2 protein chains.
Amino acid sequence: MKAAVLRDVPGELTIEDVELAEPGPGEVLLKTAAAGLCHSDLHFMEGKFPTPTPAVLGHESAGVVEAVGPGVTYVQPGDHVITCLSVYCGNCEPCLTGHLSVCANKAETARGDDEAPRISQNGERIDQFLHMSSFGEHMLVHEHGVVKIRKDMPLDRAALIGCGVTTGLGAVFNTARVEVGSTVAVLGAGGIGLNAIQGARIAGARRIIAIDMVDTKLDIAKEFGATDVINASEDPVAQVHGLLGGGVDYSFECIGMKQTAEQSFNMLGQRGTATVVGMIPMGVNIELHGIMLMVQESKIQGSNMGSNRFRVDMPRYIDLYMQGRLKLDELVSARITLEEINAGFDAMKTGEVARSVIVFDD
Amino acid sequence: MKAAVLRDVPGELTIEDVELAEPGPGEVLLKTAAAGLCHSDLHFMEGKFPTPTPAVLGHESAGVVEAVGPGVTYVQPGDHVITCLSVYCGNCEPCLTGHLSVCANKAETARGDDEAPRISQNGERIDQFLHMSSFGEHMLVHEHGVVKIRKDMPLDRAALIGCGVTTGLGAVFNTARVEVGSTVAVLGAGGIGLNAIQGARIAGARRIIAIDMVDTKLDIAKEFGATDVINASEDPVAQVHGLLGGGVDYSFECIGMKQTAEQSFNMLGQRGTATVVGMIPMGVNIELHGIMLMVQESKIQGSNMGSNRFRVDMPRYIDLYMQGRLKLDELVSARITLEEINAGFDAMKTGEVARSVIVFDD
């Protein structure tokens with residue numbers, strides 16, 4: 001099959017012919033239908049986080065089941081599925097208490113690295129990124145890494161639910177549990193931030209403040225439910241306090257930077273909760289005013305992919321979309337071919353696009 | 001009346017004759033029965049936090065109502081009460097949602113500084129510390145700063161509930177909401193920490209790790225319910241991980257230092273919650289590994305006096321004490337007179353005492 005391979009970090013992707021293994025126990029072979037380009041992929045390409053090479057990146061996808069390995073009963077050929085990197089074992093303490101996104105046995109469940117390579121080229125191992133590798137015509141995924149979905153759901157928009165949509169919505173619904181009538185600030189109006197914004201709208205927040213450096217993104221944020229927008233080129237903490245006469249109940253950091261993480265804490269009001277959704281680079285500390293914690297009972301927490309229970313959450317999100325209550329069409333800024341993938345990442349760097357989605361041939 | 005007056009910061013207290021105003025609208029005149037010496041008083045004496053001088057310190061007390069001002073209906077002369085600095089208005093958003101310790105109108109409720117001085121000496125204003133000033137023979141407190149208690153409760157032990165006990169227990173019960181079977185670490189086995197420890201015991205935590213530099217405090221911690229103790233002279237984060245094979249579900253920072261606040265975060269396991277109970281000095285930042293927030297969904301929050309609803313909480317704690325389930329007798333390391341107050345604070349500095357309590361003459 002054809003796949004986009006990352007050979008050097010930092011580096012671009014090359015379209016190459018690679019081989020996929022047969023589905024083993026618990027595995028599902030998918031024909032990839034669509035795969036979103038996510039900022040996290042770009043972070044790995046740029047070397048902000050370490051990853052083995054050569055590798056096939058991609059982790060936000062939907063597809064159709066072609067075959068299943070021994071023991072798989074959850075899906076059968078022809079089923080439509082969304083993939084999710086929050087593969088779970090179902091047996092550990094986090095899983096058994098409903099916190100599957102922080103499953104303690106994720107790596108073992110998703111097949112260990114000591115096994116035969118899932119992807120290879122002339123006998124050379126190619127890393128299966130996050131046990132998924134969506135930037136290829138086919139995928140091999142553990143059955144605990146897919147959720148079956150209704151067949152009337154368009155697969156290109158379903159793909160987005162696999163990572164960005166679930167991360168943004170889940171941070172609001174599952175991690176922070178935003179309440180009706182509360183005030184919310186979202187730092188970063190990209191793929192994750194727009195979903196935090198529409199999550200806050202769906203959850204009934206009364207003020208939803210979108211914060212970004214790019215005015216065109218703030219315009220899109222309004223369409224997704226922001227009641228107020230702030231250009232962060234001037235101190236966003238002061239601007240939030242100016243708008244509300246105080247801090248917010250909930251803030252969501254959807255960028256992954258020290259500065260914005262600290263701002264998300266500093267813009268809280270009494271008993272406010274900051275939720276860090278972005279991936280802060282390894283080794284970067286964030287600094288908090290200690291006394292603020294105690295005096296106003298501020299809180300800061302992380303959200304691992306929206307604290308998802310994706311087999312429960314994703315079908316719900318699809319129903320909301322089909323009812324017109326969740327915006328997905330507007331998230332797709334471009335439909336591209338696998339061959340256009342590097343141009344897609346270049347467009348992401350300009351900050352002008354919500355999301356490019358690779359659509360594979362039928 | 002006699003009171004202990006702070007004239008210089010840093011400085012000791014002097015016993016002087018001062019005058020108390022008549023109870024105004026909403027105020028209650030108390031005969032002070034007992035007042036605990038709290039580390040926070042010492043912090044103010046040492047200048048770690050700013051406070052106006054001259055002032056009468058003290059904020060952990062119990063007494064008997066002698067008179068009430070206009071409009072007071074909650075208590076009448078002869079009632080036994082505990083004072084609490086978490087005075088609340090009862091009308092603001094935090095109050096109306098059950099979060100009275102972060103009442104938005106605390107200062108106004110407790111009488112503004114522009115009014116006639118509640119304490120004076122030959123016409124000179126003396127600051128009423130935290131609108132309370134327990135280190136005097138009488139006190140003038142807003143009725144929303146007292147809770148009526150059963151008369152069979154000894155007032156010297158009741159006094160401790162006014163601050164340290166409620167702060168430690170409330171952090172466990174109200175702020176963190178520790179669950180049965182969870183694992184808990186408490187940093188600092190002083191007046192607050194011992195109560196966090198016994199709170200964790202009452203809440204059914206299965207492992208309760210007390211952490212301190214002083215072995216004699218750790219011995220006391222065991223009596224209060226610690227299942228394990230760690231001397232923090234060697235890296236307590238590594239020791240906690242060694243003991244449990246992982247991090248804790250809940251940690252409580254009961255000291256108020258940058259280092260221990262950071263340790264409380266670093267010793268968390270997946271989805272763990274650090275609760276900062278100690279008063280981190282103004283201007284001191286605490287630094288967190290950003291990626292830990294997201295990867296393991298760690299959380300850090302502050303607790304303002306145990307997130308108390310003290311009129312609800314304190315009578316409950318008294319019942320637990322009367323049933324033998326809450327330790328208070330063991331918290332009183334010395335009963336002293338008002339004249340012995342400086343010696344009491346000196347003893348606190350050595351780290352050898354749980355709590356000195358001033359007992360006033362009948």
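**Figure 1. B:E287, with its C-alpha 2.2 Å from the rotation axis, comes closest to that axis of the residues of chain B.** Welcome to the place where the two chains meet. This is a predicted model, in which local features need pLDDT of at least 70 and side-chain atom pairs count only at pLDDT 80 or more, while totals for chains, interfaces and linings use all residues. Residues are numbered from 1 along each chain as its sequence is written, chains are lettered from A and ligands numbered from 1 in the order in which they are written, and side-chain values use heavy atoms, with hydrogens and water left out. A turn of 180° and a shift of 0.0 Å along the axis lay chain B on chain A with an RMSD of 0.0 Å; copies are superposed by least squares on the C-alpha atoms of residues with pLDDT of at least 70 in both. The two copies are thus related as by a two-fold rotation axis. Both copies use the same surface, as 100% of the contact residues of chain B recur in chain A.

**Figure 2. The contact between the chains draws 37 residues from chain B and 37 residues from chain A.** Here, contact means heavy atoms within 4.5 Å. Together, chain B and chain A bury about 3,000 Å², with 55% of that area on carbon and sulfur atoms. Within chain B, the residues that lose the most area to chain A are B:I291, B:M294 and B:E297, which together make up 19% of what that side buries. Buried area is the accessible area (1.4 Å probe) that two parts lose on being put together, summed over both.

**Figure 3. Helix α7 of chain B, residues 236-244, has B:P236, B:V237 and B:V240 as its buried residues.** Viewed down the axis of α7(B), these residues fall within an arc of 105°, so they line one face of the helix. The arc is that of the directions from the helix axis to the C-beta atoms. Buried means under 20% relative accessible area, exposed over 50%, and partly exposed in between (1.4 Å probe, protein chains only). Look around that face and you will find its cover, which includes β13 (207-212), β14 (228-231), β15 (248-253) and α8 (258-266) of chain B. Helices (H or I, at least four residues) and strands (E, at least two) are DSSP runs, numbered from the N terminus. At the N-terminal end, B:D235 caps α7(B), with a side-chain oxygen 3.0 Å from the backbone nitrogen of B:V237. After α7(B) comes B:G245, which has a positive phi near 65°.

**Figure 4. A:V147 sits in strand β11 (residues 146-148) of chain A.** This valine is buried, at a relative accessible area of 1%. Beyond its neighbours within four places in sequence, A:V147 touches A:Y74, A:H80, A:V81, A:I82, A:F310, A:R311, A:M314 and A:P315. One of these partners, A:V81, is 66 residues away in sequence, yet the C-alpha atoms of the pair are 5.3 Å apart.

**Figure 5. The count of disulfides over all chains is zero.** A disulfide is taken as a pair of cysteine sulfur atoms within 2.5 Å. In chain A, the cysteine sulfur closest to that of A:C84 belongs to A:C163, and at 7.6 Å it is too far for a bond. A:C84 is buried, with 1% relative accessibility. In chain B, the sulfur of B:C103 lies 3.7 Å from its closest cysteine sulfur, that of B:C89, again too far for a bond. B:C103 is likewise buried, at a relative accessible area of 4%.

**Figure 6. The peptide bond from A:V9 to A:P10 is cis, with omega near -10°.** Most residues other than glycine have a negative phi, and most peptide bonds are trans. A:P10 belongs to the loop between β1 (2-6) and β2 (13-17) of chain A. A further cis bond, from A:T53 to A:P54, has omega near -10°. A:P54 is found in the loop between α1 (39-46) and β5 (55-56) of chain A.

**Figure 7. A:M305, although not a glycine, has a positive phi of about 50°.** Its home is the loop between β18 (299-302) and α10 (310-322) of chain A. A:M305 is buried, at 9% relative accessibility. A:S307 is in the loop between β18 and α10 too, and its phi is also positive, near 45°. A:S307 is buried, with a relative accessible area of 10%.

**Figure 8. B:G283 lies in the loop between β16 (268-276) and β17 (285-289) of chain B.** This glycine is exposed, with a relative accessible area of 75%. Its C-alpha is 43 Å from that of B:Q76, which is 207 residues away along the chain.

Note on methods: A polar contact is a pair of N or O atoms within 3.5 Å; within protein, one must be able to donate a hydrogen and the other to accept it, and residues adjacent in sequence count only if both atoms are side-chain atoms.
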